[in-house]
Amino acid sequence: MKLTLFKKYFKTFNDLPLPGDVWQTAEYEAYVEAIGLNKDCGDWYFKQKIKDAGINYKKYCCLKMAYHLIEDKKATLENPINYDSVITHKRIDFGLPIHDGGNSYIKIDFCPWCGKKLSVT
Ligand SMILES: [Zn+2]
């Protein structure tokens, strides 16, 4: 899929929640597939979502790390635990959240998406 078409679809499909007659289409299926399989479309999509979340992706090792931290950054004082979070960033640590009702996590030393070393040890 060309990036110009992907951007057009993004405008249509990014306005959630989508009605069933929109997401049950071949166009939506091609759009979702392009996020995972087309590097230009995927990178552009990740940058848009990261920017919308107010995150500076340049602070992280890769776009996917920054993208997957979006849910972690949604945690608030009132709701400190976000069960949709798959990775957390606490000061210098990165980790896999343990969803047991607390805010503990398993520290990781390398990015699960790009493999770069994460923490200063
Ligand atoms: Zn990375």
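Me: Which residue of strand 3 is the bridge partner of G95?
Reply: The bridge partner of G95 in strand 3 is K107. The model is a predicted one, in which local features need pLDDT of at least 70 and side-chain atom pairs count only at pLDDT 80 or more, while totals for chains, interfaces and linings use all residues. Residues are numbered from 1 along each chain as its sequence is written.

Me: What makes strand 2 and strand 3 a pair?
Reply: Strands are DSSP runs of E with at least two residues, and helices are runs of H or I with at least four, both numbered from the N terminus. Two strands pair if DSSP finds at least two bridges between them. Strand 2 (residues 93–97) and strand 3 share four bridges in the antiparallel sense, so the criterion is met.

Me: How do you know that strand 1 and strand 2 pair as well?
Reply: Three bridges link strand 1 and strand 2, again in the antiparallel sense, and H89 stands opposite F94 in strand 2. Three bridges satisfy the required minimum, so these strands count as paired.

Me: Why are strand 1 and strand 3 said to stand at the edges?
Reply: The three strands form an open antiparallel sheet in the order 1-2-3. Strand 1 (88–90) and strand 3 (105–108) each have a single partner strand, so one side of each lacks a neighbour in the sheet. Neighbouring strands are turned by 40° against each other on average, direction ignored; the angle is taken between lines fitted to C-alpha atoms, on a scale from 0 to 180 degrees between N-to-C directions.

Me: What makes R91 unusual in its phi?
Reply: R91 is not a glycine, yet its phi is positive, about 45°. The residue sits in the turn of the hairpin that strand 1 and strand 2 form with two residues between them.

Me: Why is R91 called exposed?
Reply: A residue is exposed if 12 or fewer other C-beta atoms lie within 10 Å of its own, buried if 20 or more do, and partly exposed in between, with C-beta atoms placed from the backbone. R91 has 5 such neighbours, so it is exposed.

Me: What makes the bond between L16 and P17 noteworthy?
Reply: The peptide bond joining L16 and P17 is cis, with omega about -5°. P17 lies in the loop between helix 1 (3–13) and helix 2 (20–23).

Me: What makes a group of residues the largest nonpolar core here?
Reply: Such a core is a set of buried Ala, Val, Leu, Ile, Met, Phe, Trp, Tyr and Cys residues joined through C-beta atoms within 7 Å. The largest one has 17 residues, and F46, I50, Y57, L63, A66 and Y67 have the most contacts inside it. Helix 3 (26–37), helix 4 (39–52) and helix 5 (63–68) each supply at least two of its residues. Domain 1 (1–52) and domain 2 (59–121) each contribute at least three; these bounds come from an automatic or database domain assignment.

Me: How do you know that domain 1 touches domain 2?
Reply: Two residues are in contact if their C-beta atoms, placed from the backbone, lie within 7 Å. Five residues of domain 1 meet this criterion with five residues of domain 2, although the C-alpha centres of the domains lie 25 Å apart.
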